[in-house]
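Dear colleague,

I am handing over the structure we spoke about, so that you can look at it alongside my notes. Please open it first and read the rest with the model in view.

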Amino acid sequence: MQLYIKNMVCDRCKLVVKAELEKLDLHPVNLALGEVDLQEEEVPAKTLQQLEQALHNLGFELLGDKKDRLVENIKHIVIELVHRTDDIPKEKYSHIIADKLNYDYSHLSKLFSEAEGVTLEHYIINQKTERVKELLTYNELSLKEIAYLMGYSSVAHLSAQFKKVTGLTPSQFKSQKNKTRKPLDAV
């Protein structure tokens, strides 16, 4: 049986979900961001309800609708591209997302906006902003290196977009004592 789970955005999320599955005597065969393949062919309704409640208490949600699963897949692709790779995408995000999901980007974008209340473009920008905050916090790269890593055409473009989202320039953010960042599932 395959389950789809909303808000699984990191490796720790996978560990937490796996632990909850095992508490209910379910056996995950494959565990990926947002998806779990169980050894069991079917799961009793009572066990599914218990799992749903346990996941809900941890900030996750079982997904059943195909559209919801597609939106979660979009999120996972964006998070993977922005947070889990140091390779600069050679294509636009829109092309990568459309190719990976085998849908027209305009369809995906419309579906995403309807489900999330924010455009896919803004979601990508918000994710990139959170990654820039992370990189600024670590203080290992210059702003120029961060701009290049994140695929911005210039430091000025990065700075303008960062300020538009956060209200601060990257330098102002960097100089703050309390650097507020959002969890990936809250972006």
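What follows is an account of one helix, one hairpin, the salt bridges and the cysteines.

Please keep in mind throughout that this is a predicted model.

I begin with helix α8, which covers residues 155-166. Its 12 residues, taken at 1.5 Å a residue, should span 16 Å, and the C-alpha atoms at its two ends are 16 Å apart, so the expected and the modelled lengths agree. The residues of α8 that are buried are L158, S159, Q161 and F162, and these buried residues pack against three other helices, namely α6 (120-138), α7 (143-149) and α9 (170-175). Just after α8 comes G167, whose phi is positive, at about 85°.

The hairpin is formed by β2 and β3, with 2 residues between the strands. Strand β2 (residues 28-32) and strand β3 (residues 35-38) run antiparallel and are joined by 4 bridges; within this pairing, L31 of the hairpin stands opposite V36 in β3. In the turn, G34 has a positive phi of about 85°.

Turning to charged side chains, the structure holds 7 salt bridges, of which I describe some here. Helix α1 (residues 11-23) contains both E22 and K18, which lie 4 residues apart, about one turn of the helix. These two form a salt bridge in which the closest N and O atoms are 4.0 Å apart. E22 counts as partly exposed because its relative accessibility is 46%, and K18 is likewise described as partly exposed, with a relative accessible area of 35%.

The pair E20 and K23 also lies in helix α1, with the partners 3 residues apart, again about one turn of the helix, and here the closest N and O atoms of the salt bridge are 3.1 Å apart. As background to both pairs, an α-helix has 3.6 residues a turn, so residues three or four places apart point the same way. The burial of the two partners is worth setting side by side: K23 is exposed, with a relative accessible area of 63%, whereas E20 counts as buried because its relative accessibility is 13%.

A further salt bridge brings together the side chains of K75 and E116, at 3.2 Å from N to O. Since K75 lies in helix α3 (residues 66-83) and E116 in helix α5 (residues 105-116), the pair ties together parts that are 41 residues apart in sequence. K75 counts as buried, at 9% relative accessibility, while E116 is partly exposed, with a relative accessible area of 29%. Both residues belong to a network of salt bridges that also includes E72.

That leaves the cysteines, for which the count comes to 0 disulfides. C10 is in no disulfide, and the cysteine sulfur nearest to its own, that of C13, is 3.2 Å away. Why does C13 form no bond with C10? The distance between the sulfurs, 3.2 Å, is too far for a bond, because a disulfide is counted here when the two sulfur atoms lie within 2.5 Å. Both residues are nevertheless on the buried side of the classification, since C10 has a relative accessibility of 18% and C13 has a relative accessible area of 11%.

With best regards

Definitions and conventions. Residues are numbered from 1 along each chain as its sequence is written. This is a predicted model: local features need pLDDT of at least 70, side-chain atom pairs count only at pLDDT 80 or more; totals for chains, interfaces and linings use all residues. Side-chain values use heavy atoms; hydrogens and water are left out. The expected span of a helix is 1.5 Å times one less than its number of residues. Buried means under 20% relative accessible area, exposed over 50%, partly exposed in between (1.4 Å probe, protein chains only). Contact means heavy atoms within 4.5 Å. Two strands pair if DSSP finds at least two bridges between them.
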